[in-house]
Each structure stands twice: as structure tokens, then as C-alpha cells.
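This report considers charged pairs, a buried acidic residue and the nonpolar core of a single model.

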Amino acid sequence: MSKPYRLQTNDVLSITIKAIDQKLVAMFNPTSQGESSAKTDSGLYFDGFTVDDHGNIRIPVLGELNVIGFTLDEVRLKIEKQLLTEYFTTAANIL
């Protein structure tokens, strides 16, 4: 069984916050004009979150989040926890 990938500096993450209230989640997401643009290489260049030399990514409103050495699932859980603690209730159905 292979080990899960652990994030390193210069990795680029595609992160989109989704919930029932689209107006509320819009402030957390990149300013891209289309939801599918982050799926392309050029979309990631403009809308992706690059892990900096200190192991951090900067998410709009949430600020800096240290992700170095974490798996993608661990980062997802970390972001969900911060969103639920600071901005949403569990009824928001964060995806």
C-alpha cells in the first residue's frame, strides 16, 4: 500500500468552498469567472493556492494556513473545521 502524498513547497492546490449559501462562500473562493477554470493548468496559475517557502497557503478571508507535510484530506478537514468554527453552522452543508 502506498503512502498518501504529503504537500511540499511550490505545490499548487485547487480549493473551492461550496455550501448552500453561494453568496457567503463566494468571498472564500478565487475570483475566477468559471468554476471549471481551476481545473486547467492556466486556471491553477491564476486561481490556485501555491504552498510558499514557509509551507503556507493564503485563502481569501481565512488568511494563511500551514499545509506543509499534510495530505490533501488533512488540509480539507483543517479548512472545514476553521470554516465551521468561524463562519458557518453545520446546517450550511459545506462541501
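In this predicted model, Asp73 and Arg76 form a salt bridge whose closest N and O atoms lie 3.9 Å apart. Both residues belong to helix H3 and are separated by three residues, about one turn of the helix. Arg76 also forms a salt bridge with Glu80, here with closest N and O atoms 3.2 Å apart; this pair, too, lies in helix H3, four residues apart. Asp73, Arg76 and Glu80 are thus linked in a network of salt bridges. Arg76 has a relative accessibility of 41% and therefore counts as partly exposed.

The structure holds four salt bridges, among them the three tabulated here.

| Pair | Closest N and O atoms |
|---|---|
| Asp73 and Arg76 | 3.9 Å |
| Arg76 and Glu80 | 3.2 Å |
| Arg6 and Glu74 | 2.9 Å |

The pair of Arg6 and Glu74 links distant parts of the chain: Arg6 lies in the segment before S1, Glu74 in helix H3, 68 residues apart. Arg6 is partly exposed at 40% relative accessibility, and Glu74 is partly exposed at 31%.

Asp11, located in the segment before strand S1 (12–13), is buried yet has no salt bridge. The nearest side chain of opposite charge, Arg6, is 11 Å away. Beyond its neighbours within four places in sequence, Asp11 is in contact with Tyr5, Arg6, Phe49, Thr50 and Val51.

The largest nonpolar core comprises 18 residues; Ile15, Ile57 and Leu83 are among those with the most contacts inside it. Strand S3 (56–59) and helix H3 (72–86) each give two or more residues to this core, and H3 gives the most, with three.

The mean pLDDT of the chain is 80, with 75% of residues reaching 70 or more. Over residues 33–38 the pLDDT is below 50.

Terms used. Residues are numbered from 1 along each chain as its sequence is written. Side-chain values use heavy atoms; hydrogens and water are left out. A nonpolar core is a set of buried Ala, Val, Leu, Ile, Met, Phe, Trp, Tyr and Cys residues joined through side-chain atoms within 4.5 Å. Buried means under 20% relative accessible area, exposed over 50%, partly exposed in between (1.4 Å probe, protein chains only). Lys and Arg count as positive and Asp and Glu as negative; His and the chain ends are not counted. Contact means heavy atoms within 4.5 Å. pLDDT is the predictor's confidence in each residue, from 0 to 100.
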